[in-house]
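Open the model in your viewer and keep the selection box handy. We will go from stop to stop, with a note on what to select and what is there.

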Amino acid sequence: MKKILIHHRKDGYLTALIENGRLVELIQDTDGQGSLVGNVYAGIVKKINTGFIFLDIGLDHQAFLDTRDSREKGLFFDGKLTVKQGDTLVVQIIKDGYNEKGPVATSNITVAGRFVVLSKSVDGDKINISKKITDSEEHDRLHSMGKTLVPSGFSAIFRTEAVGRNEHDIATEIKISMSKFDEHIPWAHVKAPATLLAEPAIIKTLREIISDDIHEIVTDCADTYDKIRHDSATKCRLLDSETPIFEHFFIKTQLDKLRDRRVWLNSGAFIIIDQTEACVVIDVNTGKSTSKQSDSAKLKVNFEAAKEIAQQLRLRNLSGIIIIDFITMKTREDIAALTDFLRAELTKDRIPTVVVGMTALGLMEMTRKRTRAAFGGII
């Protein structure tokens, strides 16, 4: 059974996804530091370099836009860029900034629903289906539905949550999304830099993690309850208890352990997680288990570690380049088996991850898409 728990703090939200009592994902949104993805701004073009436009959107760091991206075709006429320094440009954030790097923006505004993401067509109307939808019949059904329901001049991406949904549900959401595009018409007359659209962080977070198998959403804040109950088809509940929400659902101990570098495994082995500026380094140590192990025993510990590593990456939201030093294995067969097992465990994560493979030095190399800051240890 899956639940979403939302704890409202003075500085934002802490949202936990639990499955059968186990914490599987944690999202930390701090006011003023939450994800900007999906927000729309009227920005002032400050600088144009080869391939890039830098904009003042009223935040600490300038946003930048890659004009080589196919989504930016609307900025060109006869192959020439129509934007110049000092112009006002309406953009939407598609990737959060990181450290001193500003957020990535696009001029192609989209409206994201639970089932469908709509955008103005830049190179012809297109109906795209999430790559995670692998059933060919469902793929064709949604594609056909999109051709019927999506208005001319718009393109659409059907999300995984659209699987099995009837035409009425999809049509209703598309109608609501289209009304939002109509609301955006006055944007061109707003004095830049200005925030034009910024949904509450908790609404964006729920849109990321909600799915049909979520049993209920529970929050400890009445204001939060009022915000989310109209934006979710899942049962929402306001916790009626004096016990703090994470203690009430018995996951406080699991949360506390996320502060630790060392994570113990059932076998007595452990992993150590270190996050540096350049990458995340994870070391697998035999720990309390015997130092002289057979090849099969080493592989068993590595499998156990791989499962835990996949969970910790998701829980702590560790991203970028990730290097894992597993217990040394001698055979190619064992290395291949471990690599396949790790890839299978990572499919449970909604954030795209690529396992590159074992390097010449015997280190497992992988990358995980950066979507927001890693867990900061504040509970």
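Before the first selection, one term: a residue is called buried when its relative accessible area is under 20%, exposed when it is over 50%, and partly exposed in between, using a 1.4 Å probe and protein chains only. This is a predicted model, in which local features need pLDDT of at least 70 and side-chain atom pairs count only at pLDDT 80 or more, while totals for chains, interfaces and linings use all residues. Residues are numbered from 1 along each chain as its sequence is written, and side-chain values use heavy atoms, with hydrogens and water left out.

**Stop 1: a positive phi on the outside**

Select aspartate 78. At 66% relative accessibility, Asp78 is exposed. Look for it in the loop between β7 and β8 (80-81); the strands here are DSSP runs of E with at least two residues, the helices are runs of H or I with at least four, and both are numbered from the N terminus. Check the backbone too: the phi of Asp78 is positive, about 55°, although this residue is not a glycine. Most residues other than glycine have a negative phi.

Now step back to phenylalanine 76, which belongs to strand β7 (residues 76-77). Phe76 is partly exposed, because its relative accessibility is 31%. Apart from neighbours within four places in sequence, Phe76 is in contact with Thr67, Leu81 and Thr82; contact means heavy atoms within 4.5 Å.

**Stop 2: another positive phi, and a cis bond**

Jump to phenylalanine 250, in the loop between α5 (245-248) and α6 (252-256). Phe250 also has a positive phi, about 60°, without being a glycine. Is Phe250 buried or exposed? With a relative accessible area of 70%, Phe250 is exposed.

Next, select alanine 192 and proline 193 together. The peptide bond joining them is cis, with omega at about -5°. Most peptide bonds are trans. Pro193 sits in the loop between α2 and β15 (194-197).

**Stop 3: around isoleucine 174**

Select isoleucine 174 in helix α2 (residues 167-183). Its relative accessible area is 4%, so Ile174 is buried. Show the contacts of Ile174 beyond four places in sequence and you will find Val116, Leu118, Leu149, Val150 and Pro151. Add glycine 113 to the view: Ile174 and Gly113 are 61 residues apart in sequence, yet their C-alpha atoms are 7.9 Å apart.

Then pick isoleucine 157 in strand β14 (residues 154-158). Ile157 is partly exposed, since its relative accessible area is 40%. Beyond four places in sequence, Ile157 touches Phe115, Val116, Val117 and Asn128. Measure from Ile157 to isoleucine 127 as well: the C-alpha distance is 6.1 Å, across 30 residues of sequence.

**Stop 4: the largest nonpolar core**

A nonpolar core is a set of buried Ala, Val, Leu, Ile, Met, Phe, Trp, Tyr and Cys residues joined through side-chain atoms within 4.5 Å. Highlight Ile282, Ile324 and Phe326, the residues with the most contacts inside the largest core, which has 27 residues. Two or more residues each come from β19 (270-275), β20 (280-285), α7 (295-316), β21 (320-325), α8 (332-346) and β23 (364-368). Which element gives the most to this core? That is α7, with seven residues.

Zoom in on Ile324. Residues up to four places away aside, Ile324 touches Ile282, Val284, Ile309, Leu342, Leu363, Met364 and Met366. There is also a second, separate core of 19 residues, including Leu149, Val150, Ala156 and Met178.

**Stop 5: two helices side by side**

Show α7 and α8. They pack at an angle of about 25°, with axes 9 Å apart; axes are lines fitted to C-alpha atoms, for helices over the stretch in contact, and angles run from 0 to 180 degrees between N-to-C directions. The angle makes α7 roughly parallel to α8, a label for angles under 35 degrees. Among the contact residues are Leu299, Phe303 and Ala306 in α7, and Leu338, Phe341 and Leu342 in α8.

**Last stop: asparagine 317**

Finish in the loop between α7 and β21, where Asn317 lies. Asn317 is buried, because its relative accessible area is 9%. Beyond four places in sequence, Asn317 touches Gln312, Arg368, Thr371, Arg372, Ala373 and Ala374. Now add glutamine 28: Asn317 and Gln28 are 289 residues apart in sequence and 9.7 Å apart in space, C-alpha to C-alpha.

Note on methods: Parallel < 35°, antiparallel > 145°, perpendicular 65-115°, else oblique.
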